[in-house]
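Subject: Structure for you to look at

Hello,

Here is the structure I said I would pass on. Please open it alongside this message and follow the points in order.

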Amino acid sequence: MELAEVRALRQTLHGCPERSGQEERTRAVLMEFLAGRAGLELYPCGAGFYAARREPAGDRPSIALRADYDALALPGGGAAHLCGHDGHAAALCGAALSVEGETLGRDVFFLFQPAEETGAGALGCRELFARERVDQIYGAHNLPGVPLGQVVTRAGTFACASQGVILSFLGRPTHAAYPEHGLSPAQGVGRLLCALPELARPDRYGGMTLCTVIGAEMGGRSFGTAAAQAEVRLTLRAERDQDLEALFEAILQLAGSLAQEYGLAFGHRVQDVFPATVNHAGCARRVLELCGGRELKTPMRWSEDFGHYLRGCPGAFFGIGAGEDCPPLHTGEYQYPDALLGPAVAAFRTILRG
């Protein structure tokens, strides 16, 4: 394998960023790169695809390796690869090329997944398990702030569960001079916001829990009209799925109770749902031993939809250092470092050979 090919592929992907659910050009570029490679069969899978590499005499556990390829949505409607999914996809292509001509003694499936940023991509790509026998699945994410190429993981929760929650309150408008004639959400929303830190206190649950206020809007800009509607947007996080659900139910119960107290109509919506990414102990240990990895003491607070795969198949998700001076993910200064492609390919190859 020529690493220069993989670098060129990443730069091509970086130049055509596409939002979650809109990755048609990205998917085509990846499939074109892999088409015709020795021993690879390409199949659609959910909204993504996978490349199968079969060995008729293979009797070792079959392995799937997954990479995401969507870009981060920007406020203005565009997209940019500010999370490194261009590098993840390029590295997985490099891993497929790196074992061309080798005998691994197992079937391997290289899974390319869209829409990780919204938590929607993995759900459709679970189709892989219905179509193929997959004994273990592995995936990785680059980690700025960690030494370049350093593999880190842990048994149990690697990345937290999370979900976005939108709470809506509707009262009755009135002239600002006669607020007593209307129904305002102001007091109820104020009490809710003040209560959130107590509701999310970790010692109420079994592990880390967090409620972050993403935004709150109430009323309009007319100084002659009292506020009659409000919206509160939250992101909930927890180390365990059951704690996230308990936190969610506690917030809904309080919000509903406050709405009833102030005579408000109440509703809610949920989006960007990510289960906890819970590693199988044996698979996590395998990554640490094969890759010379360092064990994480606590889970990552951010979320990863790889957890959907681990609900139905043993496996492990791991981080790989992007460099101690690498800018943080999801910032305008971030770009997946080309120097990480070699170590990322090597980590995947080591897992396939081990």
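Below are notes on one sheet, the helices beside it and two residues with unusual backbone angles. Keep in mind that this is a predicted model.

The sheet

Start with an open sheet of four strands, whose order is 11-12-10-13 and whose pairing is antiparallel. Strand 11 (209-218) and strand 13 form its edges, since each of them pairs on one side only. On average, neighbouring strands are turned by 15° against each other, with direction ignored. To see one pairing in detail, look at strand 10 (residues 161-170) and strand 13: these two run antiparallel and are joined by eight bridges. Within this part of the sheet, Ser168 stands opposite Gly267 in strand 13.

Helix 7 packs on the sheet. Helix 7 touches strand 10, strand 11, strand 12 (229-238) and strand 13, and its direction makes about 5° with that of strand 10.

The helix pair

Helix 7 (residues 241-261) also has a helix as a partner: its axis and that of helix 6 (residues 186-199) come within 10 Å and cross at roughly 155°. Angles over 145 degrees count as roughly antiparallel, so helix 6 is roughly antiparallel to helix 7. Their crossing is right-handed.

Which residues make the contact? From helix 6 they are Gly188, Arg191, Leu192, Ala195, Leu196 and Leu199. From helix 7 they are Leu247, Ala250, Ile251, Leu254, Ala255, Leu258 and Glu261. Sorted by class, the contact of helix 6 with helix 7 has 10 nonpolar residues, one polar residue and two charged residues.

Two positive phi angles

Most residues other than glycine have a negative phi. Two residues are worth a look for this reason.

Asp272 is not a glycine, yet its phi is positive, at about 50°. Asp272 lies in strand 13 (residues 265-274), which is an edge strand of the sheet described above. Is Asp272 buried, partly exposed or exposed? Its relative accessible area is 35%, so Asp272 is partly exposed.

His330 also has a positive phi without being a glycine; the value is near 65°. His330 is found in a loop, the one between strand 16 (315-323) and helix 10 (341-353). With a relative accessibility of 42%, His330 counts as partly exposed.

Regards

Notes. Residues numbered from 1 in each chain as written. Predicted model: local features only at pLDDT ≥ 70, side-chain atom pairs only at ≥ 80, totals over all residues. Heavy atoms only, no water. Axes fitted to C-alpha atoms, helices over the stretch in contact; angles between N-to-C directions. Parallel < 35°, antiparallel > 145°, perpendicular 65-115°, else oblique. Left-handed = near helix turned anticlockwise from the far one by under 90°. Contact = heavy atoms within 4.5 Å. Nonpolar A, V, L, I, M, F, W, Y, C, P; charged D, E, K, R; others polar. Buried < 20%, exposed > 50% of the residue type's maximum accessible area, 1.4 Å probe, protein only. Pairing = 2+ DSSP bridges.
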